[in-house]
Amino acid sequence: MSSLSAAARAWHRLMTRTSLQRRVSVMGLSFLVVVLVLTVVLFVSMLGSTRADNAADSLNPQRDLLGHVEQMQQDVVVVESTHELYVTAADLERLERYGTARTEAMAAYDASRRQLVADVRDADPPLEEELRDQVTRALDAAARWRSLSDQQAGFKARAQGAELNESVVNGPVDEAFLQMYGQLGTLQEQLADARDDALEEARQDAVQTRNVQFVVAAIALLLVPAALYLVRRWVIHPLGSLSEQLLRVAGGDLQTPVSLPGPPELADVAASAETMRRRILDELADAVSAREALQQGQPLVAEVRDQLTAHDLPVVPGWSAAAALRPAEGLLAGDWYDVLPLPDGRFAVVVADVSGHGARAGIVAIQLKRLLEAALHLAPEPDLALAMAARVFSDEAERFASCVVAVVDPDSGTVTYANAGHPAPLVLRHDEGQELRVVTELEPTGPLLSWLHLDVPGAWRTATASMAPGSLLVVFTDGLTEARSTGSTEELGIGGVLRALGGLPELTPQALVDLALDEARRFSGGRARDDVTLVALARGATPLSAPARDAARESTRNGAQSSRT
């Protein structure tokens, strides 16, 4: 037992230290040995199959039938010979002896005839139609010969000399015998030809079977290097690529995403590594923001930040949402967003970008947010809400803000919106097998919010758009599209964002937000120059049923009441 345990421990240590590449090599060699063994087995089975074919040929039913035809030919010759001796016998002793011989020969003929009929009836596979017709002709000729022979023997037995002499002179029995014998000869030739054809076909099948077996063996041998190549390509190389990327992250390069197109198991490992990289970046960003917040020296920073925090995203059956905000400096941002449930069952998506950074911009953002919330609850019309919110800037002559208010009907997918100089939100669609495309752009419907348009009637108008099932509404601030690295004038742009999103296998709101923010951070070299805010809202691919719509409407009303509370 102790020796077995020591051997087991040694084997465990060996397998622990053995690299994956060596294991794959051992697997490939094992596979090669298995294929060689199978090839030998196939060769042996081929020899056995050949012997079995030869044995089957020796028991070919057509051979049996041919043998019975030949036997019948011999029997009819004997019958005919004894019949002639019988009808020409001159004394009683010979007559009795030849009569007995004729009777025995006729019995043997009858047995051969019955065997031939049984062979034809039980043939498997059945005889071809031409052979069956020839058998019928031979049997009909034999029946006619038998009838005439028996009639002539009757004349002899009854001593009807005149009738006997007439039948002998006219020779109907001889003529019938020759016709029958000719038909049997023709049948024999056709059976022999059929047998030879069957033997040739069997021989060709055997040759073809051997060729196929050789081809299978050759293909099996070729599969070994192919399998080794695929294992190296699908396992060894992806693992090497993943290792290089992780070493790069460990070396401090946190801006290059970790990705691995390959087997699902390895892709999952790469996805976990990418999640870890993003978490590290988020932790670094929070640390930098906290340091800058301390440098700002404002005692109300935490309170202002809490006031600008968005409500929880509403849960609406058939819809999904995700959002994120990353300030450029400290903990405060001039950007803010919110998704507000409305009393009539709809919900409003609001995104605003106040000029400037720091505590003062945050206070103006709070005022703007409170006014917009109140206006939307009183009268959920986007243009009226913007007109009311613009009064925030009556004492802020040096500040302005861009803002989008989009009211979404979850039943119909209709989006009623007003855009105050904000980057145009996008309605996107990513159908299976097609590229990501922009369906609609929610262009500005009025100027920026500022003191210049406080008393201008109808400065903002309302427009509508539609979200079909399977589409997404994406609202963002210019910090996303204007991302650029220090010392460069090249901006990411909406095209760069869409190109990055096009690589997603499934375009969900959370995946869109994560990838878009990560692309902006990577493009700007890890340090944002402006606040970045992003809200993504997706309508399910299947329209809601009536009960689901009622539940969604009730859920949104409850959310609105709790929000007001």
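A crossing of two helices is left-handed if the near helix is turned anticlockwise from the far one by less than a right angle. Keep that in mind for the first stop on this tour of a predicted model.

**Stop 1: two helices crossing**

Select residues 129–157, helix α5, and then residues 161–170, helix α6. Turn the view until one helix lies in front of the other. Here α5 passes α6 in a left-handed crossing. The two helices pack at an angle of about 145°, and their axes are 8 Å apart.

Which residues make the contact? Show side chains for Q152, F155 and K156 on α5, then for E163, L164, S167 and V168 on α6. Coloured by class, this contact has 3 nonpolar, 2 polar and 2 charged residues.

**Stop 2: an aromatic cluster**

Stay with α5 and add helix α4, residues 92–122. The structure holds 4 aromatic pairs. To look at one of them, select Y109 and W145: their ring centres are 5.5 Å apart and their planes stand at 85°, so the pair is edge-to-face, the cut-off for that class being over 60 degrees. This pair links distant parts of the chain, with Y109 in α4 and W145 in α5, 36 residues apart.

Are these two residues buried or exposed? Y109 has 1% relative accessibility and therefore counts as buried. W145, at 0%, counts as buried too. Now add F177 and Y181 to the selection: ring pairs link these two with Y109 and W145 into a cluster.

**Stop 3: the sheet**

Next, switch to a cartoon view and look for the open sheet of 5 strands. What is the order of its strands? Reading across, you meet β1, β10, β9, β6 and β7, with antiparallel pairing. The edge strands are β1 (319–326) and β7 (437–441), each of which pairs on one side only. Look along the sheet and you can follow its twist, which averages 20° from one strand to the next.

Zoom in on one end of the sheet. Strand β6, residues 426–429, pairs with β7 in the antiparallel sense over 4 bridges. For a single example, pick L428 and look across to β7, where its bridge partner is V438.

**Stop 4: the helix across the sheet**

Finally, select residues 509–523, helix α14. This helix lies across four strands of the sheet: β1, β6, β9 (471–476) and β10 (532–539). Align your view with β1 to see the direction of α14, which runs at about 25° to that strand.

Conventions: Residues are numbered from 1 along each chain as its sequence is written. This is a predicted model: local features need pLDDT of at least 70, side-chain atom pairs count only at pLDDT 80 or more; totals for chains, interfaces and linings use all residues. Side-chain values use heavy atoms; hydrogens and water are left out. Two strands pair if DSSP finds at least two bridges between them. Axes are lines fitted to C-alpha atoms, for helices over the stretch in contact, and angles run from 0 to 180 degrees between N-to-C directions. Contact means heavy atoms within 4.5 Å. Ala, Val, Leu, Ile, Met, Phe, Trp, Tyr, Cys and Pro count as nonpolar, Asp, Glu, Lys and Arg as charged, and the others, Gly among them, as polar. Rings of Phe, Tyr and Trp (its six-membered ring) pair if their centres lie within 6.5 Å; planes under 30 degrees apart count as stacked, over 60 as edge-to-face and the rest as tilted. Buried means under 20% relative accessible area, exposed over 50%, partly exposed in between (1.4 Å probe, protein chains only).
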